[in-house]
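Here is a set of short exercises with worked solutions. Keep the structure open and try each task before reading on.

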Amino acid sequence: MMKNEAAHTFIADILVVDDIRENLRLLSKMLVAQGYHVRPVSSGARAISAIQDQYPDLILLDIIMPGMDGYEVCRQLQADESTRDIPIIFISALNETFDKVKAFAVGGRDYISKPFNEKEVMARVKTHLSLHFTQQSLKTEIAERKRVEHTLRQYNQDLALVNRMGQALQACQVEQDTYEVITDTCIQLFPGSSGQLLISRQSDTELESVAHWGDASAALQPIHAADFVYPDTPHAVVYPDAGQTVSQFGYSQQAQRFYVPVTSQNKLLAVLSIALEHEETENLADDLQHSIKSKHLLIIEMTEHYALALVNLRLREMLRIESIHDPLTGLYNRRHMEASLEREIHRAQRHQKPVAILMLDIDHFKIFNDTYGHKAGDAVLKEVGELLNASCRGEDIACRYGGEEFLLILPNAMLENTLKRAERLLQTVRQHHVSYQKKNLAITASMGMAAYPEHGSDIQELVGAADAALYQAKEQGRDQVVLAV
């Protein structure tokens with residue numbers, strides 16, 4: 001006899017309990033002949049022990065037994081949630097209505113009077129096994145349905161979380177704003193986890209840890225971009241410690257963490273390192289692998305959102321930098337100079353502090369172009385730009401004003417100190433030689449200096465005063481600094 005004959009391939013297990021050996025032998029022989037697996041026991045105590053060893057599918061239980069009678073066996077099984085659903089058929093010589101009512105009251109499913117009829121016993125056994133298996137199947141189906149419903153509700157909650165993350169990323173103005181968005185999302189998506197966010201810089205070999213959550217000792221683990229080998233399959237997770245690449249989300253058993261690369265066009269942008277909270281088990285790696293796979297699509301969605309956000313923010317930052325920098329020298333351009341100088345003048349007005357500017361022009365620049373070509377002139381401009389940039393304090397602003405002219409904005413700079421800095425800068429330029437095509441090109445520069453509020457109250461007046469002082473320096477023989485009047 002098979003469990004739920006149409007759907008099961010395993011043999012039903014029946015426990016027969018009777019203190020009379022002849023009854024045990026007879027019942028066991030009948031049941032075995034029908035294909036059941038039978039376990040005969042001769043007392044109530046042995047029945048409890050046998051049930052704890054392995055739960056049977058059905059129990060045939062005598063009532064009158066020494067020590068523990070059938071009623072007490074049934075009571076104990078009904079009191080235990082794990083054995084409560086095992087069907088019990090009482091088989092007893094007690095034939096009074098009181099005895100039968102008591103049998104049903106303690107939890108019995110059926111009652112057969114002795115001496116029993118074989119066909120009746122087999123019919124009732126078959127009926128109660130069928131009901132039991134149907135009940136177990138329904139319980140399993142209900143539990144599975146609840147599990148699926150719970151999983152779906154959790155997935156919808158997590159999906160909403162990832163969508164909110166995407167909206168928050170779109171609102172970020174700079175890349176640094178995204179770090180908190182990502183870590184907050186990971187905290188909610190992986191409760192109890194620890195981890196870190198690492199950003200790949202332009203070199204493609206450097207991974208910088210920019211944020212972490214959870215246990216710092218578990219989160220902050222050194223990772224190098226060179227450890228990652230990219231498969232053809234997107235959204236892969238790599239085992240850095242083993243040098244192994246997998247096409248699905250994988251688990252590094254040695255490091256006890258997952259590594260989730262964020263990529264765009266086969267370029268590594270970032271890495272999420274995640275250590276999940278777990279209990280030590282024999283199948284730890286499998287358990288954690290299952291945890292990650294359950295959120296597989298969400299992680300893909302999250303990394304795609306983040307990759308798009310990083311690409312857009314870095315493109316925006318690159319365009320911003322290009323819009324305010326001179327492409328040849330790398331210094332700020334004239335547009336940014338004008339905005340910066342206006343801002344510094346307003347700040348100086350509020351705080352009653354000076355602002356100085358130095359306008360520098362490379363002497364005889366046309367000769368470099370005419371003699372050696374425009375590439376030589378570009379080389380001179382780049383190296384002068386580097387000298388100016390190197391001479392700046394943190395708050396100074398070095399700009400290429402146009403052609404061979406440069407302008408330095410010096411906040412909080414007193415005239416006397418600024419003149420000394422200008423002289424040192426001219427000396428630096430004078431001592432520097434530009435190497436071009438195995439030639440050392442000597443350069444000098446002329447400089448005009450003006451300061452707010454002494455030489456002007458706005459940009460036009462201040463720059464005009466510095467330009468006039470520069471013209472005077474040229475007229476007086478070049479390679480010198482002249483203070484505006």
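**Exercise 1: Strand S1 and its partners**

Ile 14 stands opposite Val 38 in S2. The model is a predicted one.

Task: Find which strands pair with S1, and state the sense of each pairing.

Solution.
- Step 1. Begin with strand S2, residues 37-41. S1 covers residues 13-17, and the two strands pair in the parallel sense over 5 bridges.
- Step 2. Check a second position along this pairing. Asp 13 stands opposite His 37 in S2.
- Step 3. Turn to S3. S1 and S3 also pair in the parallel sense, here over 4 bridges. In this pairing, Val 17 has Leu 61 of S3 opposite.
- Step 4. Add the helix. Together with S1 and S2, helix H1 (residues 21-33) makes a β-α-β unit, and the unit is right-handed.

**Exercise 2: The two faces of S1**

Task: Are the faces of S1 covered or uncovered?

Solution.
- Step 1. Count the buried residues. In S1, 5 of 5 residues are buried, so the strand is mostly covered, with buried meaning under 20% relative accessible area.
- Step 2. Sort them by side. Asp 13, Leu 15 and Val 17 lie on one side. Ile 14 and Val 16 lie on the other.
- Step 3. Conclude. Both faces of S1 are covered.

**Exercise 3: The buried side of helix H3**

Task: List the buried residues of H3, residues 70-79, and say where they sit around the axis.

Solution.
- Step 1. The buried residues in H3 are Gly 70, Tyr 71, Val 73, Cys 74 and Leu 77.
- Step 2. Their arc around the axis is only 160°, so they are on the same side of H3.
- Step 3. Ask what covers them. The cover includes helix H2 (44-53) and strand S3 (58-61). It also includes strand S4 (88-92) and helix H4 (97-105).
- Step 4. Look at the N-terminal end of H3. Asp 69 caps it. One of its side-chain oxygens lies 3.3 Å from the backbone nitrogen of Tyr 71.

**Exercise 4: An aromatic pair**

Task: How many aromatic pairs are there, and how is the pair of Tyr 71 and Phe 90 arranged?

Solution.
- Step 1. The count is 2 aromatic pairs.
- Step 2. Tyr 71 and Phe 90 form a tilted pair. The centres are 5.9 Å apart, with 55° between the planes.
- Step 3. Place the partners in the chain. Tyr 71 belongs to helix H3 and Phe 90 to strand S4, 19 residues apart, and the pair links distant parts of the chain.
- Step 4. Check accessibility. Both Tyr 71 and Phe 90 are buried.

**Exercise 5: Two polar residues**

Task: Are Gln 196 and Glu 395 buried or partly exposed?

Solution.
- Step 1. Find Gln 196 in strand S6, residues 194-200. Its relative accessible area is 2%, so Gln 196 is buried.
- Step 2. Look for its partner. The side chains of Gln 196 and Ser 209 are joined by a polar contact of 2.8 Å.
- Step 3. Move to Glu 395, in the loop between helix H12 (374-391) and strand S13 (397-402). Its relative accessible area is 40%, so Glu 395 is partly exposed.
- Step 4. Add a distance. Glu 395 and Asn 412 are 9.0 Å apart from C-alpha to C-alpha, and 17 residues apart in sequence.

**Exercise 6: The whole chain**

Task: How many helices and strands does the chain have, and what share of its residues is buried?

Solution.
- Step 1. The chain has 14 helices and 18 strands.
- Step 2. Of its 485 residues, 45% are buried.
- Step 3. Take the contacts between residues at least 6 apart in sequence: 61% of them join residues at least 24 apart.

Terms used:
Residues are numbered from 1 along each chain as its sequence is written. This is a predicted model: local features need pLDDT of at least 70, side-chain atom pairs count only at pLDDT 80 or more; totals for chains, interfaces and linings use all residues. Side-chain values use heavy atoms; hydrogens and water are left out. Two strands pair if DSSP finds at least two bridges between them. A crossover is right-handed if, with the strands pointing away from the viewer, the path from the first strand over the helix to the second runs clockwise. Buried means under 20% relative accessible area, exposed over 50%, partly exposed in between (1.4 Å probe, protein chains only). The arc is that of the directions from the helix axis to the C-beta atoms. Contact means heavy atoms within 4.5 Å. A polar contact is a pair of N or O atoms within 3.5 Å; within protein, one must be able to donate a hydrogen and the other to accept it, and residues adjacent in sequence count only if both atoms are side-chain atoms. Rings of Phe, Tyr and Trp (its six-membered ring) pair if their centres lie within 6.5 Å; planes under 30 degrees apart count as stacked, over 60 as edge-to-face and the rest as tilted.
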